[in-house]
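Trainee: I have a structure on my screen and do not know where to begin. Can you walk me through reading it?

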Amino acid sequence: HEHMETGNYSAVTEFFLVGLSQYPELQLFLFILCLIMYITILLGNSLLIIISILDSHLHTPMYFFLGNLSFLDICYTSSSIPTMLIIFMSERKSISFMGCALQMVVSLGLGSTECVLLAMMAYDRYVAICNPLRYSIIMNRVLCVQMAAWSWIVGCLNSLVQTVLTMVLPFCGNNIIDHLSCEILALLKLICSDISINVLIMAVASIVLLVIPLLLIFISYIFILSSILRINSAEGRKKVFSTCSAHLTVVILFYGSALFMYMKPKSKDTKTSDEIIGLSYGVITPMLNPIIYSLRNKEVKEAMKKVLSRHLHLLKI
């Protein structure tokens, strides 16, 4: 009858994030690693946004969505990595109750938004490859803005509902989070009352935001592949596929770690592997996004060269 005794506990005002703290010798290494990754994320994603704004050749739906993705990755990592860096270096690994709620709302909201946004990007690739002549008519500016806006709205609404429903429940003095950030699964483990409604909502959200977008991406790619296979020249096939391969790589990385975190059966104890996957989901994917997109795309490389040469030219003057 644990949940009958909620009255005896003082309210939780702060949480202690003890993820990976069982390896004290790794703290400095993790701090440096995450700091380098965070700087790379900020620089890489900012550069991609600036270039897609400055170069008129990149004023296309694909780069509009990519700009959204980069902005999202900057915000997503900024909600958790700075706290993580402080925690790696401090003795007292604490975060306030409100700070924790804020971190959860932002990271869950942006993670959810990314799920929807990646499906929108798959649809954009589908129209570009399977219906090229009508592409500019179908993917007009209004539709692109609406698609992006709905991604953000759906993601943030999901996050608000789940965070509020978690934070109003009693923690009964349990305030040690076995994770690197205020992640919803780690927090639900601390609650000492019935969480079946939270688990149900999370299951529904996982289906709506993980499984359905993934299905839509899968269907888009079946159509895309059948179109590519109909192209006669090997060179043409390669050219068309190269515009999709970047998106596909990002999808596999992002959904792979997200599905692993949210769809597998829950055990009471957090494994080190979960924390590593959490780290890859929160840090490595946002870092690789701009790298993957700029490496796989001639357009981005060309735009970078142009922007850089223009700036160097200005400096000489």
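Mentor: Let us begin with one helix. This is a predicted model. Helix H2 covers residues 61–89. It has 29 residues and reaches 42 Å from its first C-alpha to its last. That is close to the 42 Å expected at 1.5 Å a residue.

Trainee: Where does H2 bend, and by about how many degrees?

Mentor: Look at Ser78. H2 bends there by about 35°. A proline, Pro82, follows within four residues.

Trainee: How many of the residues of H2 are buried?

Mentor: Buried means under 20% relative accessible area. By that cut-off, 21 of the 29 residues of H2 are buried, and the helix is mostly covered.

Trainee: Please show me one residue of H2. Is Ser70 buried or exposed?

Mentor: Ser70 lies in helix H2. Its relative accessible area is 2%, so it is buried. To see what surrounds a residue, skip its neighbours in sequence. Leaving aside those within four places, Ser70 is in contact with Asn45, Leu48 and Ile49.

Trainee: Which residues of H1 are buried?

Mentor: Asn45, Leu48 and Ile49 are among them. The list also includes Gln27, Leu30, Cys34, Met37, Tyr38 and Ile41. So Ser70 of H2 touches Asn45, Leu48 and Ile49, which are buried residues of H1.

Trainee: What span should H1 have, and what does the model give?

Mentor: Use the rule of 1.5 Å a residue. The 28 residues of H1 should span 40 Å. The end C-alpha atoms are 40 Å apart, which agrees.

Trainee: Let us try the check on H8. What span should its 29 residues have?

Mentor: They should span 42 Å. The end C-alpha atoms of H8 are 40 Å apart, which agrees. Now look along the helix for a bend. H8 bends by about 35° at Ser242.

Trainee: Which residues does His247 touch?

Mentor: First place the residue. His247 is found in helix H8, residues 234–262. At 1% relative accessibility, His247 counts as buried. Not counting residues up to four places away in sequence, His247 touches Leu118, Met121, Ala122, Tyr221 and Tyr293.

Trainee: Is Ile212 buried or partly exposed?

Mentor: Ile212 is found in helix H7, residues 196–229. Its relative accessible area is 40%, so Ile212 is partly exposed. Compare two kinds of distance as well. Ile212 and Ile41 are 171 residues apart in sequence and 28 Å apart in space, C-alpha to C-alpha.

Trainee: How far apart in space are Gly19 and Asp178?

Mentor: They are 4.8 Å apart, C-alpha to C-alpha, with their positions 159 residues apart in sequence. Gly19 has its place in the loop between strand E1 (14–17) and helix H1 (27–54). Gly19 is buried, with a relative accessible area of 5%.

Trainee: What about backbone angles?

Mentor: Most residues other than glycine have a negative phi. Cys172 is not a glycine, although its phi is positive, about 50°. Find Cys172 in the loop between helix H5 (141–167) and strand E3 (176–177). With a relative accessible area of 10%, Cys172 is buried.

Trainee: How do I read the whole chain? How many helices and strands does it have?

Mentor: The chain has 10 helices and 3 strands. Along the sequence, the pattern is β-α-α-β-α-α-α-β-α-α-α-α-α. The radius of gyration is 22 Å, close to the 20 Å that the globule rule gives for 317 residues, so the chain is as compact as a globular protein of that length. Along its principal axes the C-alpha trace spans about 70 × 50 × 30 Å.

Trainee: What share of the residues of the chain count as buried?

Mentor: The share is 46% of the 317 residues. Now take contacts with a separation of 6 or more. Residues 24 or more positions apart account for 80% of them. The accessible surface comes to about 16,500 Å², and 71% of it belongs to carbon and sulfur atoms.

Trainee: Which residues does the UniProt annotation "transmembrane region" cover?

Mentor: The entry is unreviewed, and its annotation covers 28–51, 63–89, 95–121, 142–161, 195–228, 240–263 and 275–295. Set such a record beside the model. Residues 142–161 are 100% helix, and their end C-alpha atoms lie 28 Å apart. Residues 195–228 are 97% helix and 0% strand, with end C-alpha atoms 48 Å apart.

Conventions
Residues numbered from 1 in each chain as written. Predicted model: local features only at pLDDT ≥ 70, side-chain atom pairs only at ≥ 80, totals over all residues. Heavy atoms only, no water. Helix = DSSP H or I, 4+ residues; strand = E, 2+ residues; numbered from the N terminus. Expected span 1.5 Å × (residues − 1). Bend = angle between axes of the 7 residues up to and from the residue. Buried < 20%, exposed > 50% of the residue type's maximum accessible area, 1.4 Å probe, protein only. UniProt positions renumbered as here; feature names shortened; annotations may be inferred. Rg over C-alpha atoms; globule rule 2.2 N^0.38 Å. Contact = heavy atoms within 4.5 Å. Areas by Shrake-Rupley, 256 points an atom, 1.4 Å probe, with all protein chains shown as cover.
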